[in-house]
Amino acid sequence: MEDRIALIGIIVEDLSSTGRLNEILHQYGEYILGRMGIPRRERGVSIISVVVEAPGNVISALSGKVGMLPGVQTKTIYSALPQRENSSRKK
């Protein structure tokens with residue numbers, strides 16, 4: 001399956017979900033190119049950007065699992081670049 005590049009934006013409003021969120025991101029670590037988190041403690045919210053390169057079904061699964069966590073919202077944006085087969089990733 002062809003890899004895509006995507007940005008997953010995550011808003012965490014229920015900070016008790018951060019432990020499970022980090023477990024999910026760790027499970028998909030081989031696909032994560034970069035991650036940036038901005039805690040807004042005074043507002044009780046965290047904003048996280050995750051850049052991934054993976055097959056579309058993997059990106060959807062990751063975003064879906066994260067979005068099902070209580071108090072967590074996600075939005076995924078896919079690159080318009082042509083897709084390509086990734087043969088360098090370990091299977």
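This passage describes the fold, the surface and the salt bridges of one protein chain. The model is predicted.

The chain contains 2 helices and 5 strands. From the start of the sequence to its end, these elements follow the order β-α-β-β-α-β-β. Contacts between residues at least 6 apart in sequence were examined for their span. Of these contacts, 72% link residues at least 24 apart.

The chain has 91 residues, and 31% of them are buried. Its accessible surface amounts to about 5,800 Å². Carbon and sulfur atoms account for 54% of that surface.

Salt bridges were considered next. The structure has 2 of them. One pairs the side chains of Arg 20 and Glu 23, with an N to O distance of 3.1 Å. Both residues lie in helix H1, which covers residues 18-27. Arg 20 and Glu 23 are 3 residues apart there, so about one helical turn separates them. Arg 20 is partly exposed, at 38% relative accessibility. Glu 23 is likewise partly exposed, and its relative accessibility is 45%.

Another salt bridge connects Arg 40 with Glu 42. Here the closest N and O atoms are 2.8 Å apart. Arg 40 has a relative accessible area of 37%, so this residue counts as partly exposed. Glu 42 reaches 58% relative accessibility. The cut-off for an exposed residue is over 50%, and Glu 42 therefore counts as exposed.

Notes:
Residues numbered from 1 in each chain as written. Predicted model: local features only at pLDDT ≥ 70, side-chain atom pairs only at ≥ 80, totals over all residues. Heavy atoms only, no water. Salt bridge = Lys/Arg side-chain N within 4 Å of Asp/Glu carboxyl O. Helix = DSSP H or I, 4+ residues; strand = E, 2+ residues; numbered from the N terminus. Buried < 20%, exposed > 50% of the residue type's maximum accessible area, 1.4 Å probe, protein only. Contact = heavy atoms within 4.5 Å. Areas by Shrake-Rupley, 256 points an atom, 1.4 Å probe, with all protein chains shown as cover.
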